[in-house]
Amino acid sequence: MQRLGLAGRASGYRAISLWAEVAGPEIARRTFASRFVDDVLYVDVDSPAWASQLTFVRQALIDRLNARLAAGGVVRDIRFRPRGSRRTVAGEAPLTGLALVRSRFRTVAYAREDEESAAQLTGPDEEAAAALRKLFLTHRRLEVARSMSGWERCPRCGRTRERAAGECPCRGEGSS
């Protein structure tokens, strides 16, 4: 990677995927690492107040990220931006719903536990087993992306949906 000049880019993608783990559950619930450019990690934040407060712990977060990244660290700075503040092309609406999930899905890395679980899956032949493992890992990434986008799981049927969508369509299914 070093020889090809791709080490920085790979570390940047790794920084994005490590963000939720390094930031911790409270911060991760209100933030989303959206991109990495010129050694700067850009993090979308729920509100301007959170963006302001996170500047006080910026250096600690940079240090934790760099400690988790290979050889010397790459994150020089973190920029916190309130969600919706990202400049868009004229006439382009901010991402919501499935478009937001799709954009976040691209940045979600496989969790080590998911990879270990997938490795245990088998099928009638190696090709089927490989397809099953890929399906499992893609499903897990999608669940994480939905969670990061504010979707929730119905306790009754297990389907995920946007919070704004209201009650799950399963309401009352099987009860009579």
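Follow the protein chain along its sequence and you read the pattern α-α-β-β-α-α-β-α-α-α-β-β. Counted up, that comes to seven helices and five strands. Keep in mind that this is a predicted model.

## The chain as a whole

The protein chain has 176 residues, and buried residues make up 32% of them. What about the outside? The chain exposes about 11,600 Å², and carbon and sulfur atoms supply 52% of that area. You can also ask how contacts link distant parts of the sequence. Take the contacts with a separation of 6 or more: residues 24 or more positions apart account for 52% of them.

## One side of helix H4

Helix H4 runs over residues 58-68, and Leu61, Ile62, Leu65 and Asn66 are buried there. Where do these residues sit around the axis of H4? They cover an arc of only 130°, so they are on the same side of the helix.

## Three buried residues and their company

Let's zoom in on three residues, starting with one from H4. Leucine 65 lies in that helix, and with 0% relative accessibility it counts as buried, because buried means under 20%. Leaving out residues up to four places away in sequence, leucine 65 touches Ala15, Leu18, Trp19, Val22, Leu41, Val75 and Ile78. One of these partners, tryptophan 19, is 46 residues apart from leucine 65 along the chain, yet their C-alpha atoms are separated by 7.5 Å.

Next comes leucine 41, which is found in strand S2. Leucine 41 counts as buried too, at 0% relative accessibility. Its contacts, setting aside neighbours within four places in sequence, are Ile16, Trp19, Ala33, Arg35, Phe36, Leu65, Val75, Asp77, Ile78 and Arg79. Notice that Leu65 is on that list, so you have just met this pair from the other side, since leucine 65 touches Leu41.

The third residue is phenylalanine 80, in strand S3 (residues 77-82). Is phenylalanine 80 buried or exposed? At 10% relative accessibility, phenylalanine 80 counts as buried. Not counting residues up to four places away in sequence, phenylalanine 80 touches Trp19, Val43, Val45, Ala51, Leu54, Thr55, Arg58 and Leu61. Leu61 brings us back to H4, where Leu61 is one of the buried residues.

Here are three pairs of residues, with how far apart they are along the chain and in space, C-alpha to C-alpha.

| Pair | Apart in sequence | C-alpha separation |
|---|---|---|
| leucine 65 and tryptophan 19 | 46 residues | 7.5 Å |
| leucine 41 and arginine 79 | 38 residues | 6.3 Å |
| phenylalanine 80 and alanine 33 | 47 residues | 9.1 Å |

## The loop between S1 and S2

Now for a spot with some unusual backbone angles to look at. Strand S1 covers 31-37, strand S2 covers 40-45, and aspartate 38 lies in the loop between them. Aspartate 39 lies in the loop between S1 and S2 as well. What is phi of aspartate 38? It is near 50°, a positive value in a residue other than glycine. For aspartate 39, phi is near 65°, again positive in a residue other than glycine.

How open are they to the outside? Aspartate 38 counts as exposed, with 62% relative accessibility, because exposed means over 50%. Aspartate 39 is partly exposed, with a relative accessible area of 31%.

## Helices H6 and H7

Finally, look at helix H6 (residues 112-119) and helix H7 (residues 126-148). These two pack at an angle of about 155°, and their axes are 9 Å apart. That angle makes H6 roughly antiparallel to H7, because angles over 145 degrees count that way. The crossing in which H6 passes H7 is right-handed.

Which residues meet where the helices pack? From H6 there are Asp114, Glu115, Ser117, Ala118 and Ala119, and they meet Arg133, Phe136, Leu137 and Arg140 from H7.

Methods: Residues numbered from 1 in each chain as written. Predicted model: local features only at pLDDT ≥ 70, side-chain atom pairs only at ≥ 80, totals over all residues. Heavy atoms only, no water. Helix = DSSP H or I, 4+ residues; strand = E, 2+ residues; numbered from the N terminus. Buried < 20%, exposed > 50% of the residue type's maximum accessible area, 1.4 Å probe, protein only. Contact = heavy atoms within 4.5 Å. Areas by Shrake-Rupley, 256 points an atom, 1.4 Å probe, with all protein chains shown as cover. Arc of directions from axis to C-beta. Axes fitted to C-alpha atoms, helices over the stretch in contact; angles between N-to-C directions. Parallel < 35°, antiparallel > 145°, perpendicular 65-115°, else oblique. Left-handed = near helix turned anticlockwise from the far one by under 90°.
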